[in-house]
Amino acid sequence: MSQTDPRDRLIVALDVPGVPEAEALVERIGDAATFYKIGYRLAYAGGLALAERMIGQGLKVFLDLKLHDIGNTIEEGVRSVSALGATFLTVHAYPQTMRAAVKGRGNGLKILAVTVLTSYDDADAQEAGYALPVAELVAKRAAQAAEIGIDGLVCSAAEAAGVRGLVGPDRLIVTPGIRPAGADAGDQKRVMTPGDARRAGIDHVVVGRPITGAADPRAVARAIVAEMA
Ligand SMILES: O=C(O)c1cc(=O)[nH]c(=O)n1[C@@H]1O[C@H](COP(=O)(O)O)[C@@H](O)[C@H]1O
C-alpha cells in the first residue's frame with residue numbers, strides 16, 4: 001500500500017474484545033480501510049499474533065500500547081515490538097520514555113508520543129497534578145518530542161495546528177477524538193470532524209466507535225476517507 005493512498009489517512013481502532021470480533025470487523029470493512037490500531041484490550045487477548053497476520057496480509061498496524069516505564073525497560077520493550085513489523089507504536093510523552101523508545105526502535109517502526117489524552121480537559125490535568133493547562137502541556141511535550149527525535153505525536157485535532165508549528169513538517173500528527181458530524185462524542189472531550197482534522201494538517205485520524213459500532217462499518221469508513229480527500 002503506497003504512502004499516498006488516501007485510505008491510509010484513516011486508522012480504524014479495533015477496540016473489540018477478541019480476535020474473532022476483530023477479524024470479522026476487518027472482513028466487513030474490506031478494502032475501505034488499510035490501517036488498523038490494536039490497543040490494550042485486543043493486544044492482551046491475542047491481538048499481537050493477529051497484528052502479525054494482518055501485516056502479513058499487507059495491512060498496516062498501529063500498536064497502541066502507550067508504553068511508559070524506566071528507560072531500560074522501554075528500550076528493550078520497544079526492541080521486542082520492533083520485530084513484529086508494525087508501522088506505529090505509542091509511548092507516553094515523558095522525556096526519559098521518549099529517549100529510550102528512540103534508542104530501541106528498529107525495523108521501520110515509528111514511535112508516536114501521546115501528548116495529553118483526548119479525554120482530558122484542564123480540570124482533569126489539574127486533578128492529575130499538572131499545573132499547566134492542557135494546551136500548554138501538549139505544546140511543551142510536543143517540543144520535547146521533536147527535540148528527542150520522536151517520529152510523530154498523538155494529540156487532539158484541536159491542538160494539531162499549534163503542534164505542527166512546533167514540530168515542523170516532517171513529524172507525523174495522529175489524532176483520535178474524531179467524530180463525523182452528528183456522531184456521539186462518548187468520553188472524548190476534545191473532538192473534531194474528519195474534514196476539519198484534515199484541514200488542520202493532521203496526517204492520520206484514529207476512529208473507533210463511530211465505525212466499530214455502526215450498522216455498516218464499511219460505509220462509515222468510506223465516508224470518513226472521502227471527507228478527508
Ligand atoms: O493513542 C490513542 O490512540 C489515543 C490517544 C488519545 O489521546 N485518545 C484516544 O482516544 N486514543 C485512542 O483512540 C481511540 C478512539 O476511539 P473512539 O473514541 O472510539 O473513536 C481509542 O482506541 C483510544 O484508546
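How many residues does helix α3 have, and what distance does it reach from its first C-alpha to its last? In this predicted model, α3 (residues 71-82) has 12 residues and reaches 16 Å between those atoms, close to the 16 Å expected at 1.5 Å a residue. The protein as a whole comprises 10 helices and 8 strands. Its radius of gyration is 17 Å, close to the 17 Å given by the globule rule for 229 residues, so the protein is as compact as a globular protein of that length.

**Overall architecture**

- An unreviewed UniProt entry annotates residues 9-224 as "domain: Orotidine 5'-phosphate decarboxylase".
- Within the span 9-224, helix accounts for 46% and strand for 17%, and the end C-alpha atoms lie 9 Å apart.
- Along the principal axes, the C-alpha atoms of the protein fill a box of roughly 45 × 40 × 35 Å.
- Of the 229 residues in the protein, 42% are buried.
- Among contacts with a separation of 6 or more, 63% join residues 24 or more positions apart.

**Helix α3**

- The residues Ile74, Val78 and Val81 of α3 are buried. They cover an arc of only 60 degrees around the axis, which places them on the same side of α3.
- An α-helix has 3.6 residues a turn, so residues three or four places apart point the same way.
- Asn72 and Ser80 are exposed on the other side of α3.
- The cover over the buried residues of α3 includes β3 (60-67), β4 (88-92) and α4 (95-104).

**Helix α4**

- In α4, the buried residues are Thr97, Met98, Ala100, Ala101 and Gly104. Viewed down the helix axis, these residues fall within an arc of 165 degrees, so they line one face of α4.
- The packing partners of the buried α4 residues are β3, α3, β4, β5 (110-114) and α6 (134-148).

**Helix α6**

- The 15 residues of α6 should span 21 Å at 1.5 Å a residue, and the end C-alpha atoms are indeed 21 Å apart.
- Buried positions in α6 are Val134, Leu137, Val138, Ala139, Arg141, Ala142 and Ala145.
- Elements covering the buried residues of α6 include α4, β5, α5 (122-127), β6 (152-154) and α7 (157-167).
- Glycine 149 follows α6 and has a positive phi, near 95 degrees.

**Nonpolar core**

- The largest nonpolar core has 70 residues, and those with the most contacts inside it are Leu10, Val12, Leu89, Ala113 and Ala221. Helix α6 contributes the largest share of this core, 6 residues.
- Beyond its neighbours within four places in sequence, alanine 113 is in contact with Val91, Ala93, Met98, Arg141, Ala145, Ile150, Leu153 and Val154. Among these partners, Met98 is one of the buried residues of α4, while Arg141 and Ala145 are buried in α6.

**Leucine 59**

- Leucine 59 lies in the loop between α2 (40-56) and β3.
- Is leucine 59 buried or partly exposed? With 16 other C-beta atoms within 10 Å, leucine 59 is partly exposed, because a buried residue requires 20 or more and an exposed one has 12 or fewer.
- Setting aside neighbours within four places in sequence, the contacts of leucine 59 are Thr34, Tyr36 and Met54.
- Leucine 59 and alanine 143 are separated by 84 residues in sequence and by 31 Å in space, C-alpha to C-alpha.

Definitions and conventions:
Residues numbered from 1 in each chain as written. Predicted model: local features only at pLDDT ≥ 70, side-chain atom pairs only at ≥ 80, totals over all residues. UniProt positions renumbered as here; feature names shortened; annotations may be inferred. Helix = DSSP H or I, 4+ residues; strand = E, 2+ residues; numbered from the N terminus. Rg over C-alpha atoms; globule rule 2.2 N^0.38 Å. Contact = placed C-beta atoms within 7 Å. Expected span 1.5 Å × (residues − 1). Arc of directions from axis to C-beta. Core = buried A, V, L, I, M, F, W, Y, C linked by C-beta atoms within 7 Å.
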